[in-house]
Amino acid sequence: MKRLLAVTLGILTAIGGFVDIGDLVANALVGSRYGFALAWVVPVGVVGICLYAEMCGRVAAISGRPVFDLIRERLGPRLGLANLAASFLVTALTLTAEIGGVALALELATSVNYLLWVPLVGFLVWLVIWRVGFARMEQVFGLAGLLLIVFAVALWKLGPDWGQVLHDASHPALPPGEGLPTYLYYAIALFGAAMTPYEVFFFSSGGVEEHWTRRDVGVARSNVFIGFPLGGVLSLAIMGCTALVFFPLGVGVDTLGQVAMPPAVALGKVGLAIVLVGIFAATFGAALETGLSAGYTVAQYFGWQWGKFVRPLQAARFHGVTLLTIVVGVMVMLTTVDPIKVTEYSIVFSAVALPLTYLPILIVANDPEYMGERVNGRISNTLGTVYLVLVLAASLAAIPLMIATKAGQ
Amino acid sequence: MRLSELLGREVTDRTGVRIGTVIDVRLAQDGPPRAQGQAALRITGLIVSPRSSGRLLGYERTPKEGPWLVRMLVLGFNRGVRYVPWEWVDRIDTTPLRVDRAASEIPHLRDLPTPPGRP
Amino acid sequence: MSGVEPRPAEGRVYDAYLHLLDRQVVDPDGELICKVDDLELELAEDGAAYVRAILTGPAALGPRIGGAAGALMTAVHARLSGGAGPGRIPFHLVADIGSAVTVSARPADLPIRGFEDWVRTTIIDAIPGASDAPE
């Protein structure tokens, strides 16, 4: 019974923790501009992250080693350092976006300008990382993030013609006035939002934080195969809401307030309150994850002691890096750069950086010296190769498309 | 001397014909016992590849498992990789490293038996 | 060394780059110590070469990274440490070579703590709760 409870908790945490500011912005924006024409990208991204996270979780459980530790071993110090630089920068950029997202959520709730919230948010993020235990931190924010189910409820309440929705989703068509390059650019952005690198750094490091062994492979898998797809459903609900509310009006979503509007429209003040708490929890939780991931990547490359499972005194450099990254994130936000723009850049660069982490993990998951008999099966390897091609294609196309479409104008 | 100083070094045979670059160093745990009683790691030979770029993601010698695409890439990359026993290296302070044999005498890695104790 | 027949290997065989370099070094309890950034060799009179120590830290990693980044790393370290060489763990302390390299000594006993100690005493120590056990 206790085991079942722990597994359920893990799944619920994974669902609630799946959505971050990148998913919120990407799905809302795409829904408002394309209706359901890009809905197919979400399941493609979810399958990818499930595949990738399962391999990382299995590697962490069997070998006791987290992702970035292995990247340097596989690529060597030179390429590993280049990889670290790219992955760290993308993670730091995502952290900055999450801090902005939390501040925006607080602004929506209190009407106090988000810039005034930014330093406080940075401090709180650091404080929770410093003081709150890993498991508890995960559970509290994961479960609170489940409140984002309000988007699904709102979608149902808005009463769309489901037959039409299914038709639009399965027959993607460019809305009038939209070009193919921009469509593809947003497809890549949505893909990058679903498959952000920090998620797997965090997942595998978290597995080591929680001392997973081979018996925990099942737990890891249930989190991934049930939790993430349901998280994907939440993403689709966000897309559906803006598709129903904004798309017919031809209004493109570009503020967090607009993202939060559909639940308010469908469910009134209660809906608004719930969605704001949900957004706060999801983005704050993601800020914790990206902050820790910034520390994980650097510490794991250099071999420093890392993690919340030891006293801070024993992992001084790790905590130093995390603290510094949060401080820089706060300072970047205080330059009054638009947090939504930062979010968009973070998800596109995530798509660019994906192959760097993906390929070494695919290799290690097949290495019997690490995995014993738990090497990849045929399904993992076939899907893995397909996604390798996809991930490479997205990575190569991202920057050119960004330039060609002026970041999706 | 550091082991990394051996990696990436050009290797030629007795007549000066280029054999490749050192991409790894093979060690055996059969040296004189150390303080704690364990045998020291002894250099038994150099793994030399004709391609000047470094190793490919750790699959060099035993790609028995893995995605077909990756295995094919690795097998292609491994063609031509040779093993130079340490005793055949003339001197290590020269650049390039000179091997005291003709190129035709230096074995290909895949023709050698798998060392004991390896998966 | 010419004319000497290769001595066949006995005991376990490893490839330095594949199995040793860039591996995590841990203590017997699994605490993380450092990475194997390089290995120190000892050359015997009969021409044989043995691995004498694990080298670690920017002074060992910098030269392996090479290029401008590596040179920068080595230079900054030399500056800040007053010309200290790389951290060194004698190889006889190595108890096991697996997915990590296990060393039978405590981190505190090994002469490789410079940066960690500096960050700890300068920044982390000052923050309340730094010595609290994890939840």
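This short talk goes through chain B, its contact with chain C, and two helices of chain A. Please keep in mind throughout that what we are looking at is a predicted model.

Let me begin with chain B, which holds one helix and six strands. Reading from the N terminus, the order of these elements is β-β-β-α-β-β-β. Chain B has 119 residues, of which 40% count as buried, and if we take the contacts in this chain with a separation of 6 or more, 55% of them are between residues 24 or more positions apart.

Now to the place where chain B meets chain C, a contact to which chain B brings 36 residues and chain C brings 29. On the chain C side, at least two residues each come from strand 1 (13-15), helix 1 (16-20), strand 4 (38-43), strand 5 (49-56) and helix 2 (58-65). Strand 4 of chain C gives the most to this side, with five residues. If we sort the residues of chain C that touch chain B by their character, we find 19 nonpolar, three polar and seven charged.

The two chains also pair through their strands, since strand 2 of chain B, residues 18-28, runs antiparallel to strand 1 of chain C and is joined to it by three bridges. For one residue to look at on the screen, I would take L27(B), whose bridge partner in strand 1 of chain C is Y14(C).

Let me turn to chain A, and to helix 9, which covers residues 180-194. Its 15 residues should span 21 Å at 1.5 Å a residue, and the end C-alpha atoms are 21 Å apart, so the two values agree. Is this helix largely enclosed or not by the rest of the structure? Eleven of the 15 residues of helix 9 of chain A are buried, and therefore the helix is largely enclosed. Among these buried residues are Y183(A), Y185(A), Y186(A), F191(A) and G192(A). Their cover includes helix 2 (21-34), helix 3 (41-63), helix 14 (339-364) and helix 16 (378-404) of chain A.

Finally, there is helix 1 of chain A, residues 2-18, where the 17 residues should span 24 Å at 1.5 Å a residue, in agreement with the 24 Å between its end C-alpha atoms. The buried residues of helix 1 of chain A are G10(A), I11(A), T13(A), A14(A), I15(A), G16(A), G17(A) and F18(A). What covers them includes helix 6 (134-145), helix 11 (217-245) and helix 12 (256-302) of chain A.

Methods
Residues numbered from 1 in each chain as written. Chains lettered and ligands numbered in written order. Predicted model: local features only at pLDDT ≥ 70, side-chain atom pairs only at ≥ 80, totals over all residues. Helix = DSSP H or I, 4+ residues; strand = E, 2+ residues; numbered from the N terminus. Buried ≥ 20, exposed ≤ 12 C-beta atoms within 10 Å, placed from the backbone. Contact = placed C-beta atoms within 7 Å. Expected span 1.5 Å × (residues − 1). Nonpolar A, V, L, I, M, F, W, Y, C, P; charged D, E, K, R; others polar. Pairing = 2+ DSSP bridges.
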